[in-house]
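Reader: Before we look at the model together, I would like to settle a few points of geometry, and I would ask you to explain each answer.

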Amino acid sequence: GRTKGCGPIRWREMHRAHGKDFEAAQTQAFLTNAMPSMTVAEQLGFAINDPGVREALLSGSVQHGRWATILRRVSSTRDFKNASSCDQIRKLYAARQQYVKSLGLASLIGPRYRHEVKDAIALSENHARAIALAAPGDV
């Protein structure tokens with residue numbers, strides 16, 4: 001989304017042009033797509049309280065129509081139950097990439113997933129550091 005015509009730049013243009021209607025549409029999309037997938041993710045054992053995992057889950061929920069299938073595939077891997085938050089993020093993006101490639105759309109991925117993984121892992125690591133640094137009783 002770093003080039004004109006797609007991603008955040010396009011969203012900002014739409015927001016300027018449509019204001020409240022755009023915000024309402026985003027809220028509805030979140031409630032329709034993201035909330036149900038967060039429920040599924042929680043039931044499958046994803047660390048939804050971790051901000052990095054949550055970002056990865058939200059990104060997938062608005063991008064993939066078969067997101068619950070992808071979540072089930074990731075959660076059924078051999079070492080998922082003991083996976084750290086960062087490992088869950090890596091597994092989610094590996095499964096997303098595999099899914100997109102299976103549709104013959106690998107050329108659409110570009111560097112986007114690498115950037116998202118890096119950002120999500122940074123959120124997760126910062127969260128873990130904040131918890132470790134917090135005084136007992138602050139968390």
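Reader: How does the expected span of helix 2 agree with the distance between its end C-alpha atoms?

Author: This is a predicted model, in which local features need pLDDT of at least 70, side-chain atom pairs count only at pLDDT 80 or more, and totals for chains, interfaces and linings use all residues. Residues are numbered from 1 along each chain as its sequence is written, and side-chain values use heavy atoms, with hydrogens and water left out. Helices are DSSP runs of H or I with at least four residues, numbered from the N terminus, and the expected span is 1.5 Å times one less than the number of residues. Helix 2 has 13 residues and should therefore span 18 Å, which agrees with the separation of its end C-alpha atoms, 18 Å.

Reader: Is leucine 58 buried, partly exposed or exposed?

Author: Leucine 58 belongs to helix 2, residues 51–63, where the buried residues include Leu57 and Ser59. Buried means under 20% relative accessible area and exposed over 50%, with partly exposed in between (1.4 Å probe, protein chains only). Because its relative accessibility is 21%, leucine 58 counts as partly exposed.

Reader: How far apart are the C-alpha atoms of leucine 58 and methionine 35?

Author: Along the chain, leucine 58 and methionine 35 are 23 residues apart. In space, the C-alpha atoms of leucine 58 and methionine 35 are separated by 8.6 Å.

Terms used:
Helix = DSSP H or I, 4+ residues; strand = E, 2+ residues; numbered from the N terminus.
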